[in-house]
Amino acid sequence: CKILRCNSEYVAATLHLRGPDRGSAFCTALRSYSLCTRRTARTCRGDLAFHSAVHGIEDLMIQNNCSKEGPTAPPRPRPPAPNPHGFESLDICDYERSFLYKHGRPPGFQHCAAFGDPHIRTFHDDFHTCRVEGSWPLLDNDYLFVQATSSPVAKGSNATVTSKLTIIFKNMKECIDQKVYQAELDNVPAAFQDGSVNGGVRPGGSSLVIRERSPGRHVEIRASYIGTTIAVRQAGRQLSFSIRAAEEVARAFSEEQDLQLCVGGCPRSQRMSRSPRGRGRVPADTARALCREMLPVEDVYFQSCVFDVVTSGDTNFTMAAHGALEDARLFLPDAEKLHIFQ
C-alpha cells in the first residue's frame, strides 16, 4: 500500500498554499490526491490510513467547493531505485535534487559579490564600499570558508582592492575531501591547491568541479553537493568574487562566526562613501563616460565603476564592475533585484 506516498505528495503540493487565494491550486492538489488514492485502492483496501485519506479528501473537496472534474498535477518525480535512506546514494551529493525530494519544491538561493575597491553586495542585497585592509572573511559557515586579502589600490590611497582569495570547501565525508582554492593577482589557477580539478576519489567527488572560463582571468567552481556556484575573476589589478549559495548553506553558521562580509557587510568603521572627493587620477566626467560604455544603467555597479576608475586611474576597473554585474545576472534568483539604486 502506497498511501504514505500519496500523503507526502499532497503535503508537498499544498505546503506553500495559504490564505483565501489558494483556490484553484488547492483544488488541483486535492484532485491529484484523490487520483493517487484511487490508483492504490486495490492494495490499500484494508488500510485505515487509506480510508481516512479518502474520507478526508471528500470533506475537503466539499469545504472548498472543488469540482471532482478538472486538472490534476503530475506526481513529483522520484528517484528510480531507492535505498534504505529513501533516495539514491549519490543524491546526497546533489543538493538540489535531494532538497526537491525532501521538500517537494526547489531550494531558495542567495547571491553575494565582492569586486573593485572592494564593493560588497551582501546576501541581503545591501551594498557597501569598504576600506578593509589585510585579511577579512567573506564567508565562514559549516560548509565554506572564504577569505579576501586586500591591499591599497595605489600608494597613499585609502581605497583597497582584493589581491588574494582563499576558498576552503570543508570536508563532507559522504561527498568530497577538503579542498582549498587560492587565487592571487596574475595567478588565477583552474585547479585546487593540490592540483586536482574535482572533489577527490569519494563517490561524490564529481559534485565539486572547477572550470576555466577565460585562461588566467575567470574560473567557475561548482559545488553541487551544497547547491553552490562560485566565480573568481581578475580585471586590472584586482580580484573579484561572486557566489550563488543555497539559503540553507548561507545560513549554516553559529553566533561565533559573526564576522562575514557576505552576511553583515562591512563593519561601520570600514565603510566609505562612493562620492569621489578631491583630485582623482582620472577626471570624474571621463570615468563616467568610460563606465557608461560598459554599464548603461546608472546603478551601484555604475557608481562603483566611476569611483574605482577615478581613485585608481586604471580603466580596467570598468571590466571589474561589468563582470560583477554579469555574475549577478547569472546568479541572482530574482532578476528584479539585479540593479540596486542608492
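Which residue in strand 10 is the bridge partner of Val219? Val232 is, and we'll get back to that pair in a minute.

First, some ground rules. This is a predicted model, where local features need pLDDT of at least 70, side-chain atom pairs count only at pLDDT 80 or more, and totals for chains, interfaces and linings use all residues. Residues are numbered from 1 along each chain as its sequence is written, and side-chain values use heavy atoms, with hydrogens and water left out.

Okay, the big layout. The domain assignment, which is an automatic or database one, gives domain 1 as 2-64 and domain 2 as 109-268. Their C-alpha centres are 45 Å apart.

Now the sheets. When I say strand, I mean a DSSP run of E with at least two residues; a helix is a run of H or I with at least four, and both are numbered from the N terminus. Two strands pair if DSSP finds at least two bridges between them.

One open sheet has 8 strands, in the order 8-9-10-11-1-2-3-12, with antiparallel pairing. Its edges are strand 8 and strand 12 (271-272), each pairing on one side only.

Let's walk in from strand 8, residues 208-214. It runs antiparallel to strand 9, and 6 bridges join the two. Leu208, for instance, has Ala223 as its bridge partner in strand 9. The two strands make a hairpin with 3 residues between them, and Gly216 in that turn has a positive phi of about 70°.

Strand 9 itself, residues 218-223, is mostly covered: 5 of its 6 residues are buried. By buried I mean under 20% relative accessible area; exposed is over 50% and partly exposed is in between, using a 1.4 Å probe and protein chains only.

On we go to strand 10, residues 228-235, which pairs with strand 9 over 6 bridges, antiparallel. That's where our opening pair sits, Val219 with Val232. This hairpin has 4 residues between the strands, and Gly227 takes a positive phi near 60°.

Further along the sheet, strand 1 (109-115) and strand 11 pair over 6 bridges, antiparallel as well, with Gln110 opposite Ala245 of strand 11. Helix 10 (317-331) lies across strand 1, strand 10 and strand 11, and runs at about 165° to strand 10. That angle is taken between N-to-C directions, on a scale from 0 to 180 degrees, with axes fitted to C-alpha atoms, for helices over the stretch in contact.

There's another open sheet, with 4 strands in the order 4-5-6-7, antiparallel too. Strand 4 (134-140) and strand 7 (179-184) are the edges here.

So what about the inside? The largest nonpolar core has 45 residues, and Leu138, Ile167, Phe169, Tyr181, Tyr225 and Phe241 touch the most other members. Such a core is a set of buried Ala, Val, Leu, Ile, Met, Phe, Trp, Tyr and Cys residues joined through side-chain atoms within 4.5 Å. Strand 11 gives the most to this core, with 5 residues. Apart from it there's another core of 22 residues, including Val161 and Leu338.

Last stop, helix 5, residues 95-103. Tyr95, Ser98 and Phe99 are buried there. They're on the same side of the helix because they cover an arc of only 105° around the axis, going by the directions from the helix axis to the C-beta atoms. The buried residues of helix 5 pack against strand 11 (238-246) and helix 6 (247-250), where contact means heavy atoms within 4.5 Å. Just after helix 5, Gly104 has a positive phi of about 75°.
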